Amino acid sequence: MAMYWSDRVDDGVHSGARPPRASYVPPHLRPNSFVDESRHRFHEDPYAFDTRFGRHRNSRQLGRGLVGRARGLGRGRGGRGGRGRSQHHGFHDPVPEANPFEAVVEKFDELEVLSENAEDNEEAINFDAYEDIPVESSGENVPPPVDKFEEIDLGKALNENIKKCKYVKPTPVQRHAIPIAVAGRDLMACAQTGSGKTAAFCFPIICGILSGQSSGSVMPRGARVACPTGLILSPTRELSCQIHDEVKKFAYQTGLKAVVVYGGAPIVQQFRNIERGVDILVATPGRLVDMIERDRVSLKKIKYLALDEADRMLDMGFEHQIRKIVQQTDMPPPGSRQTMLFSATFPDEIQRLASDFLSNYVFLSVGRVGSSTDLISQKVEHVEDMDKRNRLMELLQSQRASGKYGKQSLTLVFVETKRGADSLETWLTSNGFPATAIHGDKVQLERERALRSFKSGATPIMVATDVASRGLDIPHVSHVINFDMPRAIDDYVHRIGRTGRAGKHGAATAFFNDSNLPIARALVTLMQEAKQQVPAWLKECAGKSSHSPGDGGGGGGRSHRYRGGSKFGGYDYRSDTAANVDYSSSSSSHHHYVDSRAYVNPYATTSYAAVPYSVPYVADPGFYATQHGYPAAYGGESVAANGWD
DNA sequence: AAAAAAT
């Protein structure tokens, strides 16, 4: 890569000082805008989507730096506007911002076709299925939900990007969470897998930074400490990368810079990336701690903190690191920053831990209906360990025979151990099934290669440990097989959530035997709430199992309490904690929205999701009709989406 | 007894 400004740095200004890295120039030494801009034009030239979305190059230039200022004025909040940022990037950014939409052009083509169909079919959508969207919010003065993105002033640039993402309408979690977050409130949000959580916390962060007053990520003179304004933490490297890809799309041409850091990859390159300025840092905990300890990242400017898969982040293995990051650094305390926690599952105990990080927060729970669990046909088979491979083979053969196999119909197989993943992959491959495997013992490059190969359909089967259970948005996963059941029901929820995304149908098959008895009860409850047929033998197992780690009855160890009695995927623990004096006061309010119609939503009858659900939910009786067969309409039509979950 | 996450 050419180093445009290294000369400039070396001559004069810094002659006596330690020579900076060739790739790094402190913001105050970067060249002025006009010189830079001409170079920009040259480098940026072929923007595929420009014609596609009818954008003019002028508007792109406008978008760089000016938009923020214009918006700031428009809101009367002024302050920093575009100026603070452009001191270290924006017009001055030496590295042209890559077009984050280019990579998904194919996907857009697909989407256009599908959304046309969706419009045709719109009236066929079974809105009875959405009759009782249970949305519950609690906390003081909860900002009301919106029905359209336009109802919130997210700013011109962000609105443009939302359009480019083809998000026509907010998903339920977005409708509720975005107004809460844009109002500056802390938030604990429980929303189903595949329901658009990433955008729900990204939009407010981007919007907030753009309109904020702080000088944000401008680096101190001569220092190489990056001071991001927004921090997004996630539990796996791949998920962090995925979030980063989304953030780049949402923040495109806003002048904001998003960088991702994670382990298993050369830290030097990541240092280079953050040195160029970072407004929004996406990270896995370990690498971030490392960078903080090396004084390369400071969290003192953090105004927005988001934890994705927050329950996992506060789980035993992670809690220490998270506390270190959130409570033992120079990060501003709750109240001085805005904190948002998102997950599909939120056990009480984790909520209790999480409240340490929050200040007067709103709890939001968006229920199952219209979410992935309703769109996933769940099936449990009693299979002994020694029969699992044969049964898996039968399933795969049956899928192949019915054409539900290949690029558009991926199968994700979850196993318990890393070793198990490797051996199953080998076995599948040697039996003629193109499979790959992903787990934490593989080097990062292999992990990424496996994921790519799976996504592309080159190997339509992927064997995975729980490294792939959370958050990953892999289009076209039509079948999730729990070859080994997880120990905790929450993990089951996340695993099956890899299918049935963005309104698409999915199937989940679990191999269950006596070693899984501990989660039988929680599994039955979960399936019943998702209106799934539960085999009689499984109910019997549930009766037999004394205490499951998921039903709230168990004691000791990691606790995954599943609220059998709740209609919701999540439940504000504050509302049944008498001891919690902070929130049981009369000043707190408790909203319970049932149905997009009960809460007047004239748009609910047209399209429900950001990416319209094109497939009406109709329970497939054929799924259970045959013991081994798979339904013909398996998987339905796909509506690919990004930023879901 | 498992997976993940820093080197």
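**Exercise 1. Placing two residues with positive phi**

In which loop does Asn360 lie? Describe its backbone and its exposure, and then do likewise for Lys531 in this predicted model.

*Solution.* Start with the position in the chain: Asn360 belongs to the loop that runs between helix 16 (348-354) and strand 8 (362-366). Next consider the backbone, where phi of Asn360 is near 40 degrees, a positive value in a residue that is not glycine. For the exposure, the relative accessibility of Asn360 is 30%, and because partly exposed covers the range between 20% and 50%, Asn360 counts as partly exposed.

Turning to Lys531, this residue is found in the loop between helix 22 (520-529) and helix 23. Phi of Lys531 is near 55 degrees, again a positive value in a residue other than glycine. With a relative accessibility of 55%, Lys531 counts as exposed.

**Exercise 2. Reading the aromatic pairs**

Find how many aromatic pairs the whole structure holds, and work out the geometry of the pair formed by Phe203 and Phe250.

*Solution.* A search of the whole structure gives 7 aromatic pairs. In one of them, Phe203 and Phe250, the ring centres are 4.8 Å apart and the planes meet at 85 degrees, which makes the pair edge-to-face, because planes over 60 degrees apart are classed in that way. The next step is to locate the partners: Phe203 sits in helix 10 (residues 197-211) and Phe250 in helix 11 (residues 237-250), so the pair ties together parts that are 47 residues apart in sequence. As for exposure, Phe203 is buried at 0% relative accessibility, and Phe250 is buried with a relative accessible area of 0%.

For a second pair, take Phe512 and Trp537, whose ring centres lie 5.8 Å apart with the planes at 55 degrees, so this pair is tilted. It links distant parts of the chain, with Phe512 in strand 14 (residues 506-512) and Trp537 in helix 23 (residues 536-544), 25 residues apart. Phe512 is buried at 0% relative accessibility, whereas Trp537, at 26%, is partly exposed.

**Exercise 3. From a cluster to an annotated region**

Name the residues that form one aromatic cluster with Phe203 and Phe250, and relate Tyr167 to its surroundings in the chain.

*Solution.* The cluster consists of Phe149, Tyr167, Phe203 and Phe250. Of these, Tyr167 lies in the loop between helix 8 (156-164) and helix 9 (172-182), and at 4% relative accessibility Tyr167 counts as buried. A distance across the fold can be added: Tyr167 and Ala199 are separated by 32 residues in sequence and by 10.0 Å in space, C-alpha to C-alpha.

The record is consulted last. An unreviewed UniProt entry assigns "domain: DEAD-box RNA helicase Q" to residues 147-175. Over residues 147-175 the model is 45% helix and 0% strand, with the end C-alpha atoms 6 Å apart.

**Exercise 4. Describing the surface near DNA strand B**

Determine how many residues surround DNA strand B, which part of the strand they approach, and which helix contributes the most.

*Solution.* Begin with the count: 26 residues surround DNA strand B, and the closest are Arg287, Thr417, Lys418, Gly440 and Arg447. By class, this surface has 5 nonpolar, 11 polar and 10 charged residues. On the side of the nucleic acid, 67% of the atoms of DNA strand B within 4 Å of the protein belong to sugar or phosphate, and the rest belong to bases.

Individual atom pairs can then be examined. A backbone N or O atom of Gly264 is 3.0 Å from a phosphate oxygen of DNA strand B, and an N or O atom in the side chain of Thr284 is 2.9 Å from a phosphate oxygen of the strand. At Gly317, by contrast, a backbone N or O atom lies 3.3 Å from a base nitrogen. Finally, the elements giving two or more residues to the surface near DNA strand B are helix 13 (285-293) and helix 15 (316-327), and helix 13 gives the most, with 5 residues.

**Exercise 5. A polar side chain in a strand**

Decide whether Gln378 is buried or exposed, and identify the partner of its side chain.

*Solution.* Gln378 is found in strand 9 (residues 376-382). Its relative accessible area is 0%, so Gln378 is buried. The side chain of Gln378 makes a polar contact of 2.8 Å with the side chain of Tyr492.

Terms used. Residues numbered from 1 in each chain as written. Chains lettered and ligands numbered in written order. Predicted model: local features only at pLDDT ≥ 70, side-chain atom pairs only at ≥ 80, totals over all residues. Heavy atoms only, no water. Phe/Tyr/Trp six-rings, centres within 6.5 Å; stacked < 30°, edge-to-face > 60°. Helix = DSSP H or I, 4+ residues; strand = E, 2+ residues; numbered from the N terminus. Buried < 20%, exposed > 50% of the residue type's maximum accessible area, 1.4 Å probe, protein only. Near = heavy atom within 4 Å. Polar contact = N/O pair within 3.5 Å; in protein donor to acceptor, adjacent residues only side chain to side chain. Nonpolar A, V, L, I, M, F, W, Y, C, P; charged D, E, K, R; others polar. UniProt positions renumbered as here; feature names shortened; annotations may be inferred.
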